[in-house]
Amino acid sequence: MSNDVRTRFAPSPTGLLHIGGVRTALFCWLYARRHGGTFILRVEDTDRERSTPAAVQVILDGMEWLGLHADEGPFYQTERYPRYREVIRQWLAEGKAYHCYCSKDELEAMRNAQLARKEKPRYDGRCRARTGPVEGVTPVVRFRNPLEGAVIVDDAVHGKVVFQNAELDDLIIERSDGNPTYNFCVVVDDYDMKITHVIRGDDHLNNTPRQMNMLRAMGVEPPVYAHLPMILGPDGTKLSKRHGAVSVLHYREEGYLPEALLNYLARLGWSYGDQEIFSLEEMTRLFDIKDVNKSASAINPDKLAWINQQHLMKLSPARIAVELCWQLERLGVDASKGPALEPIVEAQRERSKTLKEMAQASRFFFEAPAAYDEKAARKNLNAETRPLLEQARAVLAELGDWSAPAIHAAIQALAEQSGAGLGKVAQPLRVAVSGGGVSPPIDRTLAILGREETLARVDRALAYAG
């Protein structure tokens with residue numbers, strides 16, 4: 001395929017950018033990238049009451065964190081109103097749209113009569129042939145939908161879906177207050193932005209035949225449509241806040257890597273053989289919309305945590321350090337005042353499922369423990385363990401080479417010489433420097449802390465042990 005591919009991600013800032021939207025954005029981005037095309041970000045903010053600047057910012061911040069950068073945009077529908085009005089005026093002049101003067105009461109009576117006849121409620125086109133205005137009524141504008149024939153959506157995920165034009169009523173494209181409606185704005189935008197592939201959630205499938213008819217009224221053939229199945233909660237019901245239908249930035253707060261979240265979302269509905277772990281580069285090379293499943297997928301938090309841990313192990317320490325720094329700042333830790341982050345990542349990543357866990361477990365590298373874990377201190381910082389801790393301090397103070405192998409050799413030698421065993425030397429040191437009974441291997445921990453800080457903390461622990 002040529003580089004004419006143009007996809008768009010078009011969120012509405014009426015709520016949070018959650019993972020259903022992110023997966024749509026990812027598939028649009030991957031498809032454009034794979035085919036050397038263009039990925040466009042369009043903010044559909046025509047719902048002026050519910051669209052907020054804060055929600056727009058969450059979308060922009062979320063896309064930035066995920067690394068799904070747009071080639072064009074963001075475009076805002078509210079900035080395009082003159083263009084929408086121009087098309088409406090043109091359609092009214094060409095007879096492709098008409099003014100409808102029906103009152104709310106009239107429409108309600110029509111609806112009730114249809115329901116009484118067990119018909120599907122729809123506008124019956126009674127103003128299609130009206131030639132003059134109705135005094136005192138500000139009309140809406142409706143699109144003159146074809147009355148006969150069918151619209152065939154050749155969907156890239158679901159296959160052929162047929163809609164009868166007789167079932168589609170004449171859609172309102174401009175409200176009586178002069179504001180254009182969502183379905184109409186989408187059509188003008190897709191036309192103006194030369195969108196070739198519309199990839200979106202299958203909750204939009206019923207809008208598609210109307211949008212296709214309007215695009216044809218503009219004189220173009222519609223783009224390729226691909227409607228993605230829903231993402232469900234772990235219990236198989238519609239995704240809600242209790243399942244995790246939260247802002248995508250919540251996943252950053254909880255310590256997930258964007259690479260892991262995108263990998264996880266790609267696998268919710270798309271597969272490539274039995275492969276589970278993908279880099280963004282691999283997904284770009286392998287993704288094809290034809291491989292997307294038709295059925296809905298359920299979220300599995302354990303799987304996401306596992307994929308996150310795999311990426312923590314695979315990515316470069318420098319890449320992970322960026323996110324770890326952000327997490328430490330959230331804990332009030334200034335990561336610039338302390339040891340380098342890359343060695344901490346290497347020491348901690350095997351034992352961390354999330355960056356939030358890693359940050360909490362790494363806090364002691366930047367701040368000396370204000371207090372010791374009671375149980376660990378009772379066992380390891382007492383009159384009985386004090387002599388061995390003193391010897392360990394003396395050995396460490398004499399070390400010429402402050403590196404993990406040299407520290408390991410020194411502690412090992414002391415353990416053998418004293419006959420106490422490695423644990424009896426290492427554990428009091430661990431509690432002394434970290435404040436608790438858990439840390440990375442003691443040689444790596446001390447190497448990261450540095451000689452001066454290590455000895456200062458051991459001195460404080462000796463004073464505590466009495």
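A residue counts as exposed when its relative accessible area is over 50%, and as buried when that area is under 20%. The legends below use these words for a predicted model.

**Figure 1. The loop residue K118 in the predicted model.** K118 has a relative accessible area of 78%, so it is exposed. The residue sits in the loop that runs between α4 (104–116) and β5 (140–143). Its phi is positive, about 60°, although K118 is not a glycine.

**Figure 2. The loop residue K194.** K194 lies in the loop between α5 (182–192) and β9 (197–201). Here too phi is positive in a residue that is not a glycine, with a value of about 55° for K194. The relative accessible area of K194 is 59%, and the residue is therefore exposed.

**Figure 3. The whole chain, for orientation.** The chain holds 19 helices and 12 strands. Its radius of gyration is 31 Å, well over the 23 Å that the globule rule gives for 466 residues, so the chain is more spread out than a compact globule. The C-alpha trace spans about 105 × 45 × 40 Å along its principal axes. Of the 466 residues, 51% count as buried. Contacts between residues at least 6 apart in sequence were also sorted by separation: 77% of them join residues at least 24 apart.

**Figure 4. Strands β9 and β10.** β9 (197–201) follows the loop that holds K194. β9 and β10 pair in the parallel sense, over five bridges. Within this pairing, I199 stands opposite A226 of β10. Strand β10 comprises residues 224–228 and is mostly covered, with four of its five residues buried.

**Figure 5. The hairpin of β6 and β7.** Strand β6 covers residues 150–155 and strand β7 covers residues 159–164; they pair in the antiparallel sense over six bridges. Three residues lie between the two strands of this hairpin. One bridge to show in the view is that of V151, whose partner in β7 is F163.

**Figure 6. The cis peptide bond at P74.** G73 and P74 are joined by a cis peptide bond, with omega about 10°. P74 is found in strand β3, which covers residues 72–76.

**Figure 7. The buried arginine R42.** R42 lies in strand β2 (residues 38–43). Its relative accessible area is 0%, so R42 is buried. The side chain of R42 makes a polar contact with the side chain of E44, at 3.0 Å. Leaving aside residues up to four places away in sequence, R42 touches R8, F9, A10, P11, F75, Q77, V186, D189, D190, M193 and I195.

**Figure 8. I59 and its surroundings.** I59 is found in helix α2 (residues 53–66). With a relative accessible area of 1%, I59 is buried. Not counting residues up to four places away in sequence, I59 touches P11, S12, P13 and L17. P11 also appears among the residues that R42 touches. For scale, I59 and G338 are 279 residues apart in sequence, and their C-alpha atoms are 34 Å apart in space.

**Figure 9. Helix α10, its cap and its cover.** Helix α10 has 14 residues (301–314); at 1.5 Å a residue it should span 20 Å, and its end C-alpha atoms are 20 Å apart, which agrees. N300 caps the N-terminal end of α10, with a side-chain oxygen 3.0 Å from the backbone nitrogen of D302. The buried residues of the helix are L304, A305, I307, N308, Q309, H311 and L312. What covers them includes α7 (248–253), α8 (258–267), α11 (317–330) and α13 (355–362).

**Figure 10. The buried face of helix α13.** The buried residues of α13 are L355, M358, A359 and S362. Seen down the axis of α13, these residues fall within an arc of 100°, so they line one face of the helix. An α-helix has 3.6 residues a turn, so residues three or four places apart point the same way. The buried residues of α13 pack against α10, α11 and α12 (341–348).

How values were computed:
Residues are numbered from 1 along each chain as its sequence is written. This is a predicted model: local features need pLDDT of at least 70, side-chain atom pairs count only at pLDDT 80 or more; totals for chains, interfaces and linings use all residues. Side-chain values use heavy atoms; hydrogens and water are left out. The expected span of a helix is 1.5 Å times one less than its number of residues. Buried means under 20% relative accessible area, exposed over 50%, partly exposed in between (1.4 Å probe, protein chains only). Contact means heavy atoms within 4.5 Å. A polar contact is a pair of N or O atoms within 3.5 Å; within protein, one must be able to donate a hydrogen and the other to accept it, and residues adjacent in sequence count only if both atoms are side-chain atoms. Two strands pair if DSSP finds at least two bridges between them. The arc is that of the directions from the helix axis to the C-beta atoms. The radius of gyration is taken over C-alpha atoms; the globule rule is 2.2 Å times the number of residues to the power 0.38.
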